[in-house]
Amino acid sequence: MDRPAYRRCVSLGGVRCYRLPAASRNGTQDLSSEQLYMSDGFIRMMWRRIRLLGDVLKHGYSFIFTDLDVMWLRNPFPSLKYRTGEEDLLISCDKFNGRPQDYLSNELNTGFFFVAAYNRTAALFDEWHAARGESAGMKEQDVLNRMKRRHTFRRLGVTVRVLDTARFSGFCQDSRDARQVATVHANCCRTMRAKIADLRAVLRAARRLNGTARLRWPPHSECAKSWR
C-alpha cells in the first residue's frame, strides 16, 4: 500500500512484491497512510484488498493472507493442518468456542486465513466484494460474517474451518499455551502505535520461551488505552 513497505519487500530478495496504485480510475483516494479503525479510508482499504485477493484466486493461486499486525512466531503451515481437497477456507476468529466446524457461532476474523484456489472460492470473493454496494459503513469482515449467516458458504459449496486461538492467538483471546502459538494478531486494538507497542511486548516475552517454560503473556495495555 505504500512505498516504504514495497521497498522493504523488494530488499528481502526472491520475493514477488506488488504495490497497489495510489489511486484507481474511479478516483479512490491514496490509502498509503494509517487508516484509523472504521474510518472511511479504513473501510475503503479493506474492500480494495478483497478485490485484489479475488484476482489472485482467479489466477489459480492458493494463499495465506496475513494482516501486517499479525506477528508470526513460527511457521504457521504445520499448524494449519490443511487437508488438500477437503477444505477451502481456513480462517481465524476473535474468540474460539472449541468447535472448528462451527463457523456460524465463531466470529470470523479476516486478519489471517488460508484459501484454496477453486471456482467456488473465487465465486465467494466475487460475491463478497459485490456486497459492498449494500453494506455502507460496514467493513468487509462484518459483511463476511453476515454472508455466513445467510448460508452463502453452503450455497456455494465452500468448506470452512475456523482456526483455534490456541495456535492462532490474538489480543481478543490469548492462547493459554504459548508453546503452541504460530501467530499473534493485534486485534481488539484501534491504533497502529498501540499495536506496535503491544506486539513488541509479546515478542520480548516470546524470546524468553524455551521448550519447557510456560509463558505468561504481557497485558495488552496500550491497545486497551487506544479505545479511550
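At 52% relative accessibility, Arg193 is classed as exposed, where exposed denotes over 50% relative accessible area, buried under 20%, and partly exposed in between, computed with a 1.4 Å probe on protein chains only. The structure is a predicted model, in which local features require pLDDT of at least 70 and side-chain atom pairs count only at pLDDT 80 or more, whereas totals for chains, interfaces and linings use all residues. Residues are numbered from 1 along each chain as its sequence is written, and side-chain values rest on heavy atoms, with hydrogens and water left out.

Arg193 takes part in a salt bridge with Glu222, with 3.1 Å between the closest N and O atoms; a salt bridge is defined as a side-chain nitrogen of Lys or Arg within 4 Å of a carboxyl oxygen of Asp or Glu. Because Arg193 belongs to helix 7 (residues 192-207) and Glu222 to helix 8 (residues 221-225), the pair ties together parts that are 29 residues apart in sequence. Helices (H or I, at least four residues) and strands (E, at least two) are DSSP runs, numbered from the N terminus. In contrast to the exposed Arg193, Glu222 is buried at 18% relative accessibility. Another set of residues, Arg83, Glu86, Glu87 and Arg161, is joined into one network by salt bridges that share partners.

Over the whole structure, 17 salt bridges are found. One of them connects the side chains of Asp102 and Arg99, at an N to O distance of 2.9 Å. Asp102 is buried, with a relative accessible area of 17%, while Arg99 is partly exposed at 47%. A further salt bridge is formed by the side chains of Arg167 and Asp164, at 3.3 Å from N to O. In this pair, Arg167 counts as partly exposed, with 23% relative accessibility, and Asp164 as buried, with 17%.

The search for disulfides, defined as pairs of cysteine sulfur atoms within 2.5 Å, yields three in the whole structure. When the bonded cysteines are counted along the protein chain, the connectivity follows the pattern 1-2, 3-4, 5-6. Cys9 is bonded to Cys17 with an S to S distance of 2.1 Å, and this link is left-handed, with -90° about the S-S bond. Cys17 is partly exposed, its relative accessible area being 22%.

Cys172 and Cys188 are joined by a disulfide with an S to S distance of 1.8 Å. Their link is right-handed, with 105° about the S-S bond. The bond connects distant parts of the chain, 16 residues apart: Cys172 is placed in the loop between strand 6 (168-170) and strand 7 (183-185), and Cys188 in the loop between strand 7 and helix 7. Cys172 is buried at 14% relative accessibility, whereas Cys188 is partly exposed at 43%.

The disulfide of Cys189 and Cys223 has an S to S distance of 2.1 Å and is left-handed, with -85° about the S-S bond. Here too distant parts of the chain are linked, with Cys189 in the loop between strand 7 and helix 7 and Cys223 in helix 8, 34 residues apart. Both Cys189 and Cys223 are buried.

Cys93 is likewise buried, with a relative accessible area of 4%. The closest cysteine sulfur to that of Cys93 belongs to Cys172 and lies 9.3 Å away, which is too far for a bond.

Cys93 also contributes to the lining of the largest cavity, together with Ser92, Phe112, Thr165, Phe168, Ser169, Gly170, Thr183, His185 and Asn187. A cavity is a set of points, on a 1 Å grid over the protein atoms alone, where a 1.4 Å probe fits but cannot get out, and lining residues have an atom within 4 Å of a point. One cavity of 30 Å³ or more is found in the whole structure. The largest cavity encloses about 60 Å³ of space, a volume being the space filled by probe spheres set on the points, which are joined across faces, edges and corners.

Strand 3 (89-93), strand 6 and strand 7 each give two or more residues to this lining, and the largest share, three residues, comes from strand 6. By class, the lining comprises three nonpolar, seven polar and no charged residues; Ala, Val, Leu, Ile, Met, Phe, Trp, Tyr, Cys and Pro count as nonpolar, Asp, Glu, Lys and Arg as charged, and the others, Gly among them, as polar. The largest cavity lies between domain 1 (35-73 + 82-162) and domain 2 (168-210 + 219-226), because both give residues to its lining; the domain bounds come from an automatic or database domain assignment.

Terms used: On a 1 Å grid over the protein atoms alone, a cavity is a set of points where a 1.4 Å probe fits but cannot get out, and a pocket is an open set with protein on both sides within 12 Å along at least five of seven lines; lining residues have an atom within 4 Å of a point.
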